[in-house]
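Let's work through a few exercises together. Keep the viewer open and try each task before you read its solution.

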Amino acid sequence: MAKAKTNYTCTECGDVSNKWMGQCLACGQWNTLVETIVEAGINRFSTQPQALAQTAPVLSLADIDATDVPRFGTGIEEFDRVLGGGLVTGGVVLIGGDPGIGKSTLLLQALANLSDTKKSLYVSGEESGAQIAMRAKRLNIVASELKFQAEIQLEKILKTLADLKPEVAVIDSIQTVYSDALSSAPGSVAQVRECAAQLTRVAKQNDITIILVGHVTKEGALAGPRVLEHMVDTVLYFEGDTHSSFRLVRAVKNRFGAVNELGVFAMTEKGLKGVSNPSALFLSQHDNAVSGSCVMVTQEGTRPLLVEIQALVDTSHAPNAKRLSVGLEQNRLAMLLAVLHRHAGVAAFDQDVFINAVGGVKITEPAADLAVLLAINSSMRDKPLPRGLVVFGEVGLAGEIRPAPRGQERLREAAKLGFTMAMIPKANAPKQKIEGMKIIAVERIDEAFDKMRELDD
Ligand SMILES: Nc1ncnc2c1ncn2[C@@H]1O[C@H](COP(=O)(O)OP(=O)(O)OP(=O)(O)O)[C@@H](O)[C@H]1O
Ligand SMILES: [Mg+2]
């Protein structure tokens, strides 16, 4: 196949250059020139008849057939939950995660289930057929109808899609696929963008559901251009501590469902097993109450989860005290420590502060603030918080405690798991009594600390 003509476009300002340069001559940014294919013949901005001839018809919204998107389940309940109820015909899903976390395993399990009713294709650029077959054997999967191809060239994959006409296809992974039209190496920004764009187009045109596996960078973001996330319909992230067997799949973008929905799995020898009742998974078991530990209820998607927040505050011997957080936002910790000083009179400038969300969960919502501050205070004073206490609430810069969404649901879940006391924002206080649960509603951070001290006495 003849190489298509390519040029280099600046991702910052859109300036076009014929050869690659380290710096864009137009805007002066470094490393922003990316190889792109030049569309032969038609100028993108041309008003020539041949360009206009392809204009899509203009319709009234009322005239467009609004049939609900057809969905189908993957047979893995937790996976369907994050997808918003199942895969969508013609939808493109991107699933990213750390190496070895279980992306290929999950997708092989899902495709094996689907292959009973749908024509399914698994394209792997990372593993050979033998390796996949070995994994299938270990997982006890018998999917005689599942088709497999070990291929990394985009044009050949597109041909397979056209010939085989599968209804569901997995591309493992988008970083290994390369197009002949570009001279950049597989995995480069230009290649990833071009391959994903072509595959997305084919998915929409031929009603093929495509699942792309994506690598992540050292920082944990999906490798490749940011536009990759814009192009696809759904973006899922695999998270979790590789040392524990639990894995979480989180939806960060979904054109067909709610985001931040969470699927919880356990990695076993027989593959990933869904955990249908995960709310108590992220609590560590202490026989005696320990200081610096506070349990919070976080709401992930439609489900409340109880997570233990741990803090350790220790005298710093370095000129700059350390602030480290695992599973929670680092900048937010610095902000909370400032609030702690200004509004509760607790100074931590000469203390190293470490906080951790147990079990490798990432907590993105600000409702963790109150739990973080109580854990820090508890560690500082070396005084455990009362047993059976759960906490949630956002702390503002003025020291006020703001309500968290779906407070009632969080309280009910905590009560179900045997918690007996809850410190919550005043605005979240339930109108009706919750069986077996003492509610401490607070409006300000200093008030929260005072109430805690009263409980100690
Ligand atoms: N015999 C086994 N028993 C239990 N777990 C296993 C076994 N074999 C493999 N695993 C688990 O499967 C994981 C590998 O899963 P998988 O290959 O699906 O990951 P991946 O996300 O596709 O990785 P990559 O990015 O390298 O493709 C291992 O990290 C391990 O946790
Ligand atoms: Mg893999």
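Helices (H or I, at least four residues) and strands (E, at least two) are DSSP runs, numbered from the N terminus. This is a predicted model, in which local features need pLDDT of at least 70 and side-chain atom pairs count only at pLDDT 80 or more, while totals for chains, interfaces and linings use all residues. Residues are numbered from 1 along each chain as its sequence is written, and chains are lettered from A and ligands numbered from 1 in the order in which they are written.

**Exercise 1.** Find how helix α9 lies on its strands.

Step 1: select α9, residues 369–381. Step 2: look for the strands that α9 lies across, with contact meaning C-beta atoms, placed from the backbone, within 7 Å. They are β15, β16, β18 (351–357), β19 (389–391) and β22 (421–425). Step 3: compare directions, using axes fitted to C-alpha atoms (for helices over the stretch in contact) and angles from 0 to 180 degrees between N-to-C directions. Helix α9 runs at about 35 degrees to β16.

**Exercise 2.** Trace the open sheet and name its edges.

Step 1: two strands pair if DSSP finds at least two bridges between them. Step 2: follow the seven strands in the order β17-β18-β16-β15-β19-β22-β23, where the pairing is mixed. Step 3: β17 (323–326) and β23 (438–442) each have a single partner strand, so one side of each has no neighbour in the sheet.

**Exercise 3.** Describe how β15 and β16 run together.

Step 1: β15 (residues 293–300) and β16 (residues 303–315) are antiparallel, joined by eight bridges. Step 2: locate S293, which faces Q310 in β16.

Key: Two residues are in contact if their C-beta atoms, placed from the backbone, lie within 7 Å.
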